[in-house]
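Me: I'm new to protein structures and would like to learn where the labels come from. Please go through some of them with me.

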Amino acid sequence: MMSHSIGYARWQGDMLEMNYVLKSILVVVALSLSVTTAAAHKEDARTGDADKAKVESKGKAKSTAKVKKTRKAKKAKKAKAVPARLLFEKMTKAADVPAQAFGSYAKGCFAGGQQLAINGPGWQVMRLSRNRNWGTPRIVAFIEKFARDAKANDGWPGLLIGDISQPRGGPVGGHASHQLGLDTDIWLLPSPDRRLSLAERESLNTISVLTKNKKKINAKIWKPAYLKLYRRAVSYKEVGLIFVNPVIKRKLCKDAGKDRKWLRKVRPWRGHYSHFHVRLTCAKGDKQCKNQPKIAAGDGCGADLAKWFKPKKKKKKGFKFKFVPKREMTLASLPRACRRVLKQ
Ligand SMILES: [Zn+2]
């Protein structure tokens, strides 16, 4: 019994010992596992942080680039938004290169401009402070020739020249066209028979040949010399058209008699009762100059003119006129060549 119990006790002891050893092994395994896991966690955490930092720095770089891009775009937009009129107004001299016109009459500019002398045989330039007595050499030559011819042949005492263009053309305040150096305004007030002072050229006003309500010709002002002047103006090959008020065109249609061919180039347009507007065609070979569309055949005294005298449709009751200010033309809307013209 004794030996049996001793054996049992030994066995029990062995078992206990084994149990202890097993437990120890388990503890060691568990510990090592937990250490590895912790380390792994730590490593994971570290890697996670690094990734996060990486993402963050990438994001930061991206957002900085984005901000820079937006800033640049805003700046470019702002630069573009500057009215081209202001840029061309600053130009006090012509671009000293061969003469060339770029674009269309109402969206363009020119290089190689010339300044019309402020006085000449048969003309005087008005409103000198505006510095708008510049144009392509062709319009300068045209004015000189027209003034001389009208004085010599039509008894016109002298032309008073209004706006031509700025030194390099471009958009100009108060006009839709006059941008190519191919348009000029000529006053309907005949020049006085003396040299006007600089002050008078600023203060003297032209006259209207229409009645106050602008519906009829003012018989007290009108004289046959006007018809001669208009006819002379369109007699030159380089003249594409002239703009006159529809009431004036009607008068010319009535008074022209049998000789009517010249009336074709006399185009009715609103305003133009105290001055008329002469437009030259583009010079031959001036490839970037966009001509006016061709005028229909005939004297333009029929339906074309009648349109201007149709009674206007009455506006619906309750209609409210909303004033939307017109956006000024920017450099982006002009031909690319006009940027170069500004720099020349
Ligand atoms: Zn004009």
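Reply: K214 sits in the loop between α4 (198-203) and α5. This is a predicted model, where local features need pLDDT of at least 70, side-chain atom pairs count only at pLDDT 80 or more, and totals for chains, interfaces and linings use all residues. Residues are numbered from 1 along each chain as its sequence is written.

Me: What makes α4 a helix in that naming?

Reply: Helices are DSSP runs of H or I with at least four residues, strands are runs of E with at least two, and both are numbered from the N terminus. The chain has eight helices and eleven strands.

Me: Why is K214 called partly exposed?

Reply: A residue is buried if 20 or more other C-beta atoms (placed from the backbone) lie within 10 Å of its own, exposed if 12 or fewer do, and partly exposed in between. K214 has 14 C-beta neighbours inside 10 Å, so partly exposed is the label that fits. Its phi is near 65°, a positive value in a residue other than glycine. Most residues other than glycine have a negative phi.

Me: Where is H178, and what is its phi?

Reply: You will find H178 in the loop between β7 (159-161) and β8 (183-187). Its phi is near 60°, positive although H178 is not a glycine.

Me: How do you know whether H178 is buried or exposed?

Reply: Count again: 27 other C-beta atoms lie within 10 Å of H178, so this residue is buried. Over the chain, buried residues make up 29% of the 344 residues.

Me: Why is K249 called buried?

Reply: K249, which is found in helix α6, has 25 other C-beta atoms within 10 Å, and therefore counts as buried. The buried residues of α6 (residues 246-255) are P246, V247, I248, K249, K251 and L252. Among the elements that cover them are β9 (239-244) and α7 (303-306).

Me: Which residues is K249 in contact with?

Reply: Two residues are in contact if their C-beta atoms, placed from the backbone, lie within 7 Å. Leaving aside neighbours within four places in sequence, K249 meets V244, V266, P268 and L305. K249 and V266 are 17 residues apart in sequence, with their C-alpha atoms 7.1 Å apart.

Me: What makes β9 and β10 a pair?

Reply: Strands pair if DSSP finds at least two bridges between them. β9 and β10 have three, in the parallel sense, so the rule of at least two is met. Here F243 stands opposite R267 in β10. On β11 (residues 275-280), β9 has four bridges, and these two strands run antiparallel. L241 has R279 as its bridge partner in β11.

Me: What makes a β-α-β unit right-handed?

Reply: With the strands pointing away from the viewer, the path from the first strand over the helix to the second must run clockwise. The unit made by β9, α6 and β10 is right-handed.

Me: Which residues have the most contacts inside the largest nonpolar core?

Reply: They are I143, I161, Y230, I242 and F276, in a core of 58 residues. Helix α3 (residues 137-153) gives the most to this core, with seven residues. A nonpolar core is a set of buried Ala, Val, Leu, Ile, Met, Phe, Trp, Tyr and Cys residues joined through C-beta atoms within 7 Å. I242 touches Y230 and F276, among others. In β9, five of the six residues are buried.
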